[in-house]
Amino acid sequence: MSTSNTTISRQAIQVVPAKPFSHGQGFIAYSVNQQSLGKEIAPFLQLDHYFMTQPTFAEHPHQGFSAVTYMFEDSEGSFFNEDSQGDRSTIAPGDIHWTQAGSGIRHNETPIEPGKMCHGIQMFVDLPLADKSLPAQAFHLTAAQIPVYTTDSGGRVRVVVGDANGLTSPLKISTKIRFLDVILPANSSIAERLGTRIEHEVAADESVFLLAVKGSGSVGEQQDVVEANQATLFTPVGNKIHTKAGAEGLQYVLCISQ
């Protein structure tokens, strides 16, 4: 984390739309990856903002990276996860399930109650070379285990992976990333007076991008507009990320590579 007293706000290099894709009648997602944003986002390989109501994907293998499911708190439904290592987990609203595939694993995730909307982020995160050949492991945090902090203007940040604002997620993984779920309130009169903007501290050696989930807002000192299912990659220079909610509020996930 940066300890400088000088605030240098990072600017947006690019704002790109997430690519929509569907699978059958029960799954739609909006995807960003290294091809659309650049290799600067490594070790993040891909993020899919998904909506899923039906069992969609058959049991399938992973190897050499981590397959991660984060269920947003507003999700109506939950997933049941099972894998070839014997893990059997319920991924409820607000939970994160981290499958570190290592040398190889097979798993399957299905909605517990078909027809109920499951809403979240599926992401693939590369593993350090030394960990690619290790036995697979599964890690899980319930919603209650994820630290949360709030701002004076009503912003709410869940520290899902890594640390922020003096809080540290209890998820113990080898990949050095930070992953925050941020909700900023609608641009009401009191929020405008207090400032709807939130400031995230980042270090000089960290790469940063965000994926907007709901609403709209602006990012950086130049206030580049960002809307739902758009991703923003930030410059490598600076120690702060500034974002601001628009009239309808803004939710995004902030992804930081260390």
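Nine salt bridges are present in the structure, which is a predicted model. Side chains of opposite charge can pair when their charged atoms come close. One such pair consists of Arg106 and Glu59, whose closest N and O atoms are 2.8 Å apart. This pair connects distant parts of the chain, since the two residues are 47 residues apart. Arg106 belongs to strand S10, which spans residues 105-111, while Glu59 occupies the loop between strand S4 (44-52) and strand S5 (60-62). With a relative accessible area of 38%, Arg106 is classed as partly exposed, because that value falls between the limits of 20% for buried and 50% for exposed residues.

A further salt bridge is formed by Glu113 and Lys116, with 3.5 Å between the closest N and O atoms. Both partners are partly exposed: the relative accessible area is 45% for Glu113 and 35% for Lys116. In the salt bridge between Lys132 and Asp126, the closest N and O atoms are 2.6 Å apart. Lys132 is partly exposed at 28% relative accessibility, and Asp126 is likewise partly exposed, at 25%. In addition, Glu73, Arg156 and Arg158 are joined into one network by salt bridges that share partners.

The charges of the protein chain were also considered as a whole. There are 17 positive and 26 negative side chains. The centres of these two sets lie 2 Å apart.

The overall fold was then described. The secondary structure of the protein chain consists of two helices and 22 strands. For a chain of 258 residues, a compact globule would be expected to have a radius of gyration near 18 Å. The protein chain has a value of 18 Å and therefore agrees with this expectation. Along the principal axes, the C-alpha atoms fill a box of roughly 50 × 40 × 35 Å.

Burial and contacts add to this description. Of the 258 residues in the protein chain, 52% are buried. When contacts between residues at least 6 apart in sequence are considered, 73% of them join residues at least 24 apart. The surface exposed by the protein chain amounts to about 11200 Å², of which carbon and sulfur atoms supply 51%.

Individual positions illustrate buried and exposed surroundings. Asn108 is located in strand S10, the strand that also contains Arg106. Asn108 counts as buried because its relative accessibility is 15%, which is under the 20% limit. If residues up to four places away in sequence are not counted, Asn108 touches Phe57, Ala58, Glu59, Phe80, Asn81 and Glu82. Among these contacts is Glu59, the salt-bridge partner of Arg106.

Ala204, by contrast, counts as exposed, with a relative accessibility of 71%. This residue is placed in the loop between strand S18 (197-201) and strand S19 (207-219). When neighbours within four places in sequence are left aside, Ala204 is in contact with Arg10 and Pro236. Ala204 and Gln258 are separated by 54 residues in sequence, and their C-alpha atoms are 9.4 Å apart in space.

Backbone geometry was examined at several loop positions. The peptide bond from Ala42 to Pro43 is cis, and its omega angle is near 10 degrees. Pro43 is situated in the loop between helix H1 (34-37) and S4.

Positive phi values occur at Gln223 and at Asn229, neither of which is a glycine. For Gln223, phi is about 55 degrees. This residue is found in the loop between S19 and strand S20 (224-227), and is partly exposed with a relative accessible area of 38%. For Asn229, phi is about 65 degrees. Asn229 lies in the loop between S20 and strand S21 (230-234), where it counts as buried at 15% relative accessibility.

Note on methods:
Residues are numbered from 1 along each chain as its sequence is written. This is a predicted model: local features need pLDDT of at least 70, side-chain atom pairs count only at pLDDT 80 or more; totals for chains, interfaces and linings use all residues. Side-chain values use heavy atoms; hydrogens and water are left out. Helices (H or I, at least four residues) and strands (E, at least two) are DSSP runs, numbered from the N terminus. The radius of gyration is taken over C-alpha atoms; the globule rule is 2.2 Å times the number of residues to the power 0.38. Buried means under 20% relative accessible area, exposed over 50%, partly exposed in between (1.4 Å probe, protein chains only). Contact means heavy atoms within 4.5 Å. Accessible areas come from the Shrake-Rupley method with a 1.4 Å probe; for residues, only the protein chains shown count as cover. Lys and Arg count as positive and Asp and Glu as negative; His and the chain ends are not counted. The place of a charge is taken as NZ of Lys, CZ of Arg, CG of Asp or CD of Glu. A salt bridge is a side-chain nitrogen of Lys or Arg within 4 Å of a carboxyl oxygen of Asp or Glu.
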